[in-house]
Amino acid sequence: MQDIRAATLDDIAALTELERAFPEEDRFSRRTWARLMRGNSAILVSDGEGKLTGAAVLLFRRNSKVARLYSISVAEAARGTGLSDRFLEKCEDISKQRSCCTLRLEVRETNSRAKRLYERHGYRVMARAAGYYPDGEAALKMEKPLSGLSREVQ
């Protein structure tokens with residue numbers, strides 16, 4: 001099983017490389033990664049065989065009880081291993097630890113794999129946003145109320 005840990009500035013090159021499989025308009029630049037790491041966020045990564053196998057970005061706003069899952073990305077070689085489930089659970093735990101009551105996200109309407117992941121974890125579609133992504137695709141806005149005690153985040 002791959003460990004999930006907090007990202008560091010030393011991970012920026014590997015994070016940029018991990019996203020090369022994404023459409024160009026969906027990728028973060030090195031500068032964006034650095035800004036995210038300095039911001040009100042939690043960035044998690046997983047390591048495997050000497051390189052990053054996945055990442056998750058969680059955003060917070062001051063004085064808000066709502067956290068936003070910005071992205072989960074898993075390398076092709078690590079797909080189907082349950083890594084996305086583990087990232088999602090860690091993000092929920094961190095959100096609870098920061099006293100958030102709700103976790104929200106957007107997902108491409110055509111991304112059936114991601115939609116199934118979120119639905120399995122209790123997320124429900126709250127709205128549809130037409131033309132949300134730079135390529136014009138619609139997004140489904142999903143959310144989940146967070147309750148109970150958080151699991152220990154390592």
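Q: Is Tyr70 buried, partly exposed or exposed in this predicted model?
A: Let's start with the number: Tyr70 has a relative accessibility of 37%. Buried means under 20% and exposed means over 50%, with partly exposed in between. Because 37% falls in that middle range, Tyr70 counts as partly exposed.

Q: Which residue forms a stacked aromatic pair with Tyr70?
A: The structure holds four aromatic pairs. In one of them, the rings lie 5.3 Å apart, centre to centre, with 20 degrees between the planes. Planes under 30 degrees apart count as stacked, and the partner of Tyr70 here is Phe28.

Q: How many residues apart are Phe28 and Tyr70 along the chain?
A: This pair links distant parts of the chain. Phe28 sits in the loop between helix 1 and helix 2, while Tyr70 belongs to strand 4. Along the chain, they are 42 residues apart.

Q: Is Phe28 buried or exposed?
A: Check the accessibility again: for Phe28 it is 12%. The cut-off for buried is under 20%, so Phe28 counts as buried.

Q: Which residue joins Phe28 and Tyr70 in one aromatic cluster?
A: There's a third ring to look for beside the stacked pair of Phe28 and Tyr70. The cluster is completed by Trp33.

Q: What kind of aromatic pair do Tyr118 and Tyr123 form?
A: Their ring centres are 5.9 Å apart, and the planes make an angle of 65 degrees. Both residues are tucked away: Tyr118 is buried at 7% relative accessibility, and Tyr123 is buried at 0%. Planes over 60 degrees apart get their own label, which makes this pair edge-to-face.

Q: In what order do the seven strands of the open sheet lie?
A: Try starting from the edges, where a strand pairs on one side only. Those edge strands are strand 1 and strand 6. The pairing across the sheet is mixed, and neighbouring strands are turned by 30 degrees against each other on average. Reading across, the order is 1-2-3-4-5-7-6.

Q: Which residue in strand 5 is the bridge partner of Arg68?
A: Strand 4 covers residues 66-74 and strand 5 covers residues 102-108. These two strands pair in the parallel sense over four bridges. In strand 5, the partner of Arg68 is Arg104.

Q: At about what angle does helix 4 run to strand 5?
A: Helix 4 spans residues 112-120. It lies across strand 4, strand 5, strand 6 and strand 7. Its angle to strand 5 is about 160 degrees.

How values were computed. Residues are numbered from 1 along each chain as its sequence is written. This is a predicted model: local features need pLDDT of at least 70, side-chain atom pairs count only at pLDDT 80 or more; totals for chains, interfaces and linings use all residues. Side-chain values use heavy atoms; hydrogens and water are left out. Two strands pair if DSSP finds at least two bridges between them. Axes are lines fitted to C-alpha atoms, for helices over the stretch in contact, and angles run from 0 to 180 degrees between N-to-C directions. Contact means heavy atoms within 4.5 Å. Rings of Phe, Tyr and Trp (its six-membered ring) pair if their centres lie within 6.5 Å; planes under 30 degrees apart count as stacked, over 60 as edge-to-face and the rest as tilted. Buried means under 20% relative accessible area, exposed over 50%, partly exposed in between (1.4 Å probe, protein chains only).
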